[in-house]
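Let us go through this structure step by step, beginning with the order of its parts and ending with its surface. Please keep the sequence and the model side by side while reading.

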Amino acid sequence: MIDWKVVLQVILSLLFVLVVLYFLLPVVLKRRFPYLGKKGNIELEELLPLGKETFLASVKIKNRRYYIIFSDKFAKILREEDVDSSVSN
């Protein structure tokens, strides 16, 4: 026989965990990448993981945008472009 009290407790516990994650996840992500979306002379527009410790970043410095691939052992600028005229080098 199904004990409905236990089923109700499980459902309520699951809902509680989902609500906590919904409100806590944005706070945790902002702490992990504090410069993501900040305005200033240097702006990290996007950060995409490519591997275990390899990332592709879109960085805007004043009116130039750089696409950089980096890890803890190397960094390489893949592309550089003008933000205003979309001319790439």
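Read from the N terminus onward, the elements of the protein follow the order α-β-β-β-β, which amounts to one helix and four strands. The model is a predicted one, and it should be read with that in mind.

The helix, α1, covers residues 4-32, and I11 lies within it. I11 also belongs to a nonpolar patch on the surface, made up of I2, W4, V7, L8, I11, L12, L14, L15 and L18, which together have about 910 Å² of accessible area. I11 itself has a relative accessible area of 45%, and therefore counts as partly exposed, since that class lies between the 20% limit for buried and the 50% limit for exposed.

After the helix we come to the strands. Strand β1 (residues 42-49) and strand β2 (residues 55-61) run antiparallel and are joined by seven bridges; in one of these pairings, L44 has V59 in β2 as its bridge partner. Five residues separate β1 from β2 in the hairpin that they form.

β2 also pairs with strand β3 (residues 64-70), again in the antiparallel sense and over seven bridges, with I61 standing opposite R64 in β3. The hairpin of β2 and β3 has two residues between its strands, and K62 in this turn shows a positive phi of about 55°.

Turning to the protein as a whole, 13% of its 89 residues count as buried. Among contacts with a separation of 6 or more, 1% are between residues 24 or more positions apart. The protein exposes about 7,800 Å², of which carbon and sulfur atoms supply 65%.

How values were computed:
Residues numbered from 1 in each chain as written. Predicted model: local features only at pLDDT ≥ 70, side-chain atom pairs only at ≥ 80, totals over all residues. Heavy atoms only, no water. Patch = residues over 30% accessible without salt bridge, like charges linked within 9 Å, V, L, I, M, F, W, Y side chains within 5 Å. Areas by Shrake-Rupley, 256 points an atom, 1.4 Å probe, with all protein chains shown as cover. Salt bridge = Lys/Arg side-chain N within 4 Å of Asp/Glu carboxyl O. Buried < 20%, exposed > 50% of the residue type's maximum accessible area, 1.4 Å probe, protein only. Pairing = 2+ DSSP bridges. Contact = heavy atoms within 4.5 Å.
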